Amino acid sequence: MSRMIDNLPLALETGVCAEHGSFNFRYQPMGARFFVADSCPQCAAALKVKEQNEDAARRHKEQQARIERKRCDAGVGLRYVQASFESFIAETDDQAKALADCVRYCEHITGGGHANLVMSGQVGTGKTMLASAIINNLLEAGRRVRIAKLGDIVRRIKDSWQKVGNQSETEIIRELVQLDLLVIDEVGQQRGTETEMLLIFEIIDGRYQAMMPTVLVSNLDRDGIRDAIGDRAFDRLRQDGGKVVAFNWASMRGMRRAS
Ligand SMILES: [Zn+2]
């Protein structure tokens, strides 16, 4: 803009907004013409707030998506991607105790502890949900964690023998051993073969040697788990203070809030 035009006086006029009533506005010079510089200031302010809110909502949504992607990458199923300790509704003393045990365990790991944990109980008692809540919390704390079904771990390693995928058995096991927390879900879902027991021992022993905590989730009781993973692996697990949390009630499914 030239100096001459800059120096032109601005005309003050009154406008009427259908919503906010009358307001003052100015004609502002633009080259050889004038244009309306201001619309209703209240409308403009409202639009700005609306845009800011939309912006915040979009950012929040993007952040949620990022968190969910991180949880899925850590092996958390879609069903439990929102799982938190708050979404576990304890209605009995046993349930409250199991919840408290899991919260305390999570704090123990966050605080640098490396004790193991066994979550044992029937289908539908909320084990995987609470295990996922532990994972979700630790991800929040910036830890490298993973939850995986034992069958999937074994399948992945066996696949590597056929050169399926681009990781060798050693690389897969090293990756599992180095995680800040590994939750092995569905332990004992199928009868363990000699080979599977060997692989489980390698993982649990590797983590024991590296002083990394492991959580086992199983529908079986203590003896059943020992049978499923073998004495050596079970003893290793117990060596680093393997506390057993018993989920000894009938299925909670249906009583539970959507998760
Ligand atoms: Zn207005």
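Arg 238 is partly exposed in this predicted model, with a relative accessible area of 36%. That value lies between the limits of 20% for buried and 50% for exposed, which is why the residue is called partly exposed. The protein around Arg 238 has 259 residues, of which 39% count as buried. Its secondary structure comes to 9 helices and 8 strands.

**Arg 238 and its surroundings**

- Arg 238 is found in helix α9, which covers residues 231-239.
- Leaving aside residues up to four places away in sequence, Arg 238 touches Arg 222 and Val 244.
- Val 118 and Arg 238 are 120 residues apart along the chain, and their C-alpha atoms are separated by 9.4 Å.

**The protein as a whole**

- About 14,900 Å² of the protein is exposed, and carbon and sulfur atoms supply 50% of this area.
- Among contacts between residues at least 6 apart in sequence, 70% join residues at least 24 apart.

**Helix α6**

- Helix α6 runs over residues 169-178, and its buried residues are Ile 172, Ile 173, Leu 176 and Val 177.
- These four residues lie on the same side of α6, because they cover an arc of only 130° around the axis.
- An α-helix has 3.6 residues a turn, so residues three or four places apart point the same way.
- The buried residues of α6 pack against three elements: α5 (150-161), β6 (181-187) and α7 (194-209).

**The largest cavity**

- Rolling a probe the size of a water molecule over the atoms shows where empty space is left.
- The protein has 1 cavity of 30 Å³ or more.
- The volume of the largest cavity is about 80 Å³.
- α5, β6 and α7, the elements that the buried residues of α6 pack against, each supply at least two residues of the cavity lining.
- α5 gives the most to this lining, with 3 residues.
- The lining includes Leu 150, Gly 151 and Val 154, as well as Glu 186 and Val 187.
- Also in the lining are Gly 188, Gln 189, Gln 190 and Gly 192, together with Glu 196, Ile 200 and Ala 228.
- By class, the lining of the largest cavity has 5 nonpolar, 5 polar and 2 charged residues.

Terms used
Residues are numbered from 1 along each chain as its sequence is written. This is a predicted model: local features need pLDDT of at least 70, side-chain atom pairs count only at pLDDT 80 or more; totals for chains, interfaces and linings use all residues. Side-chain values use heavy atoms; hydrogens and water are left out. Buried means under 20% relative accessible area, exposed over 50%, partly exposed in between (1.4 Å probe, protein chains only). The arc is that of the directions from the helix axis to the C-beta atoms. Contact means heavy atoms within 4.5 Å. Accessible areas come from the Shrake-Rupley method with a 1.4 Å probe; for residues, only the protein chains shown count as cover. On a 1 Å grid over the protein atoms alone, a cavity is a set of points where a 1.4 Å probe fits but cannot get out, and a pocket is an open set with protein on both sides within 12 Å along at least five of seven lines; lining residues have an atom within 4 Å of a point. Grid points are joined across faces, edges and corners, and a volume is the space filled by probe spheres set on the points. Ala, Val, Leu, Ile, Met, Phe, Trp, Tyr, Cys and Pro count as nonpolar, Asp, Glu, Lys and Arg as charged, and the others, Gly among them, as polar.
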